[in-house]
Amino acid sequence: MKKLISLLMMILLLLTAAVAETSTPTCTTVTLATGSVQVYDFGENRLHAYVSGDALGDVCYAVESPTGVVLLESTAFTTGNDAWKAYVDTLGKPVAGKLMAYHPNGSDAYSAEAPYATENAVANWAEGGSIRALTDGFIVTFGDTVAADHPAEAQLVQFGDTLTLAGLDFVVRNEGDDAYGVEIPALNVIYIHMMGSTTHNILTSIDHIRAFQSELEGFHYALVLTGHNVPEGMDAVQAKIAYLGKTAEIAENAASAADFIAKMHEVFPDYAGENYLEMTAGFLFPAE
């Protein structure tokens, strides 16, 4: 009997741990003059998600520990960066580090210290790089409202490195693209550039779709953070996995880019990111 009770207690503990691992922390919203901040309370630590509300849907983050603040990404527009900096200042803690990957422009406004970044990210910030090209395009479209400056220097990190900042670990992940992702074990959250459970993704090939799907199937996080969507939980991950599977199926049976887009509209009529869908169609049907 004692062995049975012990076994039942062990199962209960494991189930409790599994629920805790994927449960979403409490969230409150702070409205700013430009955009808003969603504050996720993890107890000792907090995650602040700045939802800029700008034309690109930029979202960036501050991870707050008892001893400091670590910033993750910036926004494309000066007004957003100014509002975000003013909010971060209200936390009353030093900026212990900046992790800049896909959205580095304007980040010098937050602190003078060079950001942490991988070599491939820095290369793509430079003239001729993919991230710099996007910024240059934003300047053409939106003019001087864009935060045009990229960091002049960076503190280089490697894929797989663990940075300890403000008493928290940040694990640098290889996402196989222009920059890098970040895992924060203490909060059980992960940052990748794009997901969005009701937003189209930029997908460059069937192999890319399958690889992304496989990556998401291994997720077990309380929250997934992205650069263009509010933080989402595992229900959103499952929705995105289903989306990717259907997208691959449609792509493999579509006769053309136009046919692919039309069929995606039929299956996902309310999805945002039409420009991302068009870019995916261009990658999947390059001969047209």
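A salt bridge is taken here as a side-chain nitrogen of Lys or Arg within 4 Å of a carboxyl oxygen of Asp or Glu. The structure is a predicted model, in which local features need pLDDT of at least 70 and side-chain atom pairs count only at pLDDT 80 or more, whereas totals for chains, interfaces and linings use all residues. Residues are numbered from 1 along each chain as its sequence is written, and side-chain values use heavy atoms, with hydrogens and water left out.

By the salt-bridge rule, the count comes to 10. One of these joins E127 and R132, with an N to O distance of 2.6 Å. Accessibility is described by three classes of relative accessible area: buried (under 20%), exposed (over 50%) and partly exposed (in between), computed with a 1.4 Å probe on protein chains only. In the E127–R132 pair, E127 is exposed at 63%, while R132 is buried at 15%.

A second salt bridge links R46 and E64, whose closest N and O atoms are 2.9 Å apart. Secondary structure elements are DSSP runs numbered from the N terminus, helices being H or I runs of at least four residues and strands E runs of at least two. R46 belongs to strand 3 (residues 46–51) and E64 to strand 4 (residues 59–64), so this salt bridge ties together parts that are 18 residues apart in sequence. R46 is partly exposed, at 31% relative accessible area, and E64 is buried, at 5%.

D259 and K263 also form a salt bridge, with 3.2 Å between the closest N and O atoms. Both residues lie in helix 7 (residues 257–267), four residues apart, and are thus separated by about one helical turn. An α-helix has 3.6 residues a turn, so residues three or four places apart point the same way. D259 is partly exposed at 22% relative accessibility, and K263 is partly exposed at 30%. Elsewhere, R46, E64 and K93 are joined into one network by salt bridges that share partners.

Helix 2 (78–90) was examined for its span and its buried residues. The expected span of a helix is 1.5 Å times one less than its number of residues. For the 13 residues of helix 2 this gives 18 Å, and the end C-alpha atoms are 19 Å apart, which agrees. Buried residues in helix 2 are G80, N81, A83, W84, Y87 and V88. These residues cover an arc of only 165 degrees around the axis, which puts them on the same side of helix 2; the arc is that of the directions from the helix axis to the C-beta atoms. T79 and T90 are exposed on the other side of helix 2.

With contact defined as heavy atoms within 4.5 Å, the buried residues of helix 2 pack against strand 1 (26–31), strand 2 (36–41), strand 3, strand 4, strand 5 and strand 6 (95–99). After helix 2 comes G92, which has a positive phi near 70 degrees.

Positive phi values also occur in residues other than glycine. E73 has a phi of about 75 degrees and is placed in the loop between strand 5 (69–72) and helix 2. At 0% relative accessibility, E73 is buried. N188 has a positive phi near 55 degrees and is found in the loop between strand 11 (181–184) and strand 12 (189–191). N188 is likewise buried, with a relative accessible area of 16%.
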